[in-house]
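This report describes how the strands and helices of one protein chain are arranged, and then turns to the residues named in a database record. Please keep the sequence and the structure in view while reading.

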Amino acid sequence: MLGVDPGLTRCGVGVVEVTPDRRARLVHVTVVRTPADMALELRLLAIADGIAEQIDAHRPDAVAVERVFAQANVRTVMGTAQAAGLALHAAAARGLPVGLHTPSEVKAAITGYGNADKRQVQAMVARVLGLAEAPKPADAADALALAVCHAWRLGSPDAVSSGPSTLTPAQRAWRDAQAGAAGRSAASPLVRSGGARTSPARPRLGA
């Protein structure tokens, strides 16, 4: 699973391997950087090349990207949206399914708390991945958190044993939060199925 934390100055790209029992392992993480004084089109080109390079090098089964939402700082959200679009294009060009997740969804998945701060997310990413220290900068940790979040969301909570020896506290919190919305998440438009995966049945019109 490859996660992208989009941004113009720093774009985090993280790759994790997640087993059927939801154990996650770090494969690779990097941050694509562009200077603020570089022409916008060149910054976008550099970010696109950086994302494509990581996808081609690691060949993930799916790509997770932060879902952009409105902010007071229009320039920041526009840059984030542009970088997110590059990640979506890179995945689509390679036929990879994409998942979009808001920061709150990712925080809830990793820490069990949707309003967790950056330090809490970094600490839990390190714990989930079994790292000696938190990934830095925050963009790197966020990209890994996105990848783990999407991998856990793709897997059915009921398909994994709920015993304490199998799930971490964060995973149990995520499972419990998802249990109340199982029907909605099963047909979520945020995840596009690809390859041999089957899509949810569409409702018949006029029936």
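Leaving aside its neighbours within four places in sequence, which residues is Asp 139 in contact with?

## Asp 139 and its surroundings

The structure is a predicted model. In this model, and with neighbours within four places in sequence set aside, Asp 139 is in contact with Asp 5, Arg 10, Gly 12 and Val 31. With Arg 10 there is also a polar contact, which runs from side chain to side chain at 2.7 Å.

Asp 139 lies in helix α5, and it counts as buried because its relative accessible area is 11%, below the 20% cut-off. The helix around Asp 139 is mostly covered as well, with 15 of its 17 residues buried. Helix α5 comprises residues 138-154, and the distance from its first C-alpha to its last is 24 Å, close to the 24 Å expected at 1.5 Å a residue.

## The annotated pair

UniProt, in an unreviewed entry, places the feature "binding site" at Asp 5 and Asp 139. These positions span 135 residues in sequence, yet no two of their C-alpha atoms are more than 6.1 Å apart, so they gather at one spot.

Asp 5 is found in strand β1, and it is buried, with a relative accessible area of 6%. Apart from neighbours within four places in sequence, the residues in contact with Asp 5 include Arg 10, Cys 11 and Gly 12, together with Glu 66. The same list for Asp 5 also holds Asp 139, Asp 142, Ala 143 and Leu 146. Within the strand pairing, Asp 5 stands opposite Gly 12 in β2, and Gly 12 is also one of the residues in contact with Asp 139.

## The sheet and its hairpins

Strands of a sheet pair through backbone hydrogen bonds, either parallel or antiparallel. Here five strands form an open sheet in the order β3-β2-β1-β4-β5, with mixed pairing. Strands β3 and β5 (98-101) are the edge strands, each of which pairs on one side only. From one strand to the next, the twist averages 20°.

Strand β1 (residues 2-5) and strand β2 (residues 10-18) run antiparallel and are joined by four bridges, while the hairpin that links β1 to β2 passes through four residues. Strand β2 is in turn joined to strand β3 (residues 24-33) by nine bridges, again in an antiparallel arrangement, and one bridge partnership sets Val 15 against His 28 in β3. The hairpin of β2 and β3 has five residues between the strands, and in this hairpin Arg 22 takes a positive phi near 75°.

## Helices beside the strands

Helix α2 (residues 74-93) lies across β1, β4 (63-66) and β5, and it runs at about 165° to β4.

Helix α1 (residues 40-58) contains Gln 54, which counts as buried at 10% relative accessibility. The side chains of Gln 54 and His 28 are joined by a polar contact of 3.4 Å, and His 28 is the residue that serves in β3 as the bridge partner of Val 15. When neighbours within four places in sequence are left aside, Gln 54 is in contact with Leu 2, Val 13, His 28, Thr 30 and Arg 59.

Key
Residues are numbered from 1 along each chain as its sequence is written. This is a predicted model: local features need pLDDT of at least 70, side-chain atom pairs count only at pLDDT 80 or more; totals for chains, interfaces and linings use all residues. Side-chain values use heavy atoms; hydrogens and water are left out. Two strands pair if DSSP finds at least two bridges between them. Helices (H or I, at least four residues) and strands (E, at least two) are DSSP runs, numbered from the N terminus. The expected span of a helix is 1.5 Å times one less than its number of residues. Buried means under 20% relative accessible area, exposed over 50%, partly exposed in between (1.4 Å probe, protein chains only). UniProt positions are given in the numbering used here, feature names are shortened, and annotations may be inferred rather than shown by experiment. Contact means heavy atoms within 4.5 Å. A polar contact is a pair of N or O atoms within 3.5 Å; within protein, one must be able to donate a hydrogen and the other to accept it, and residues adjacent in sequence count only if both atoms are side-chain atoms. Axes are lines fitted to C-alpha atoms, for helices over the stretch in contact, and angles run from 0 to 180 degrees between N-to-C directions.
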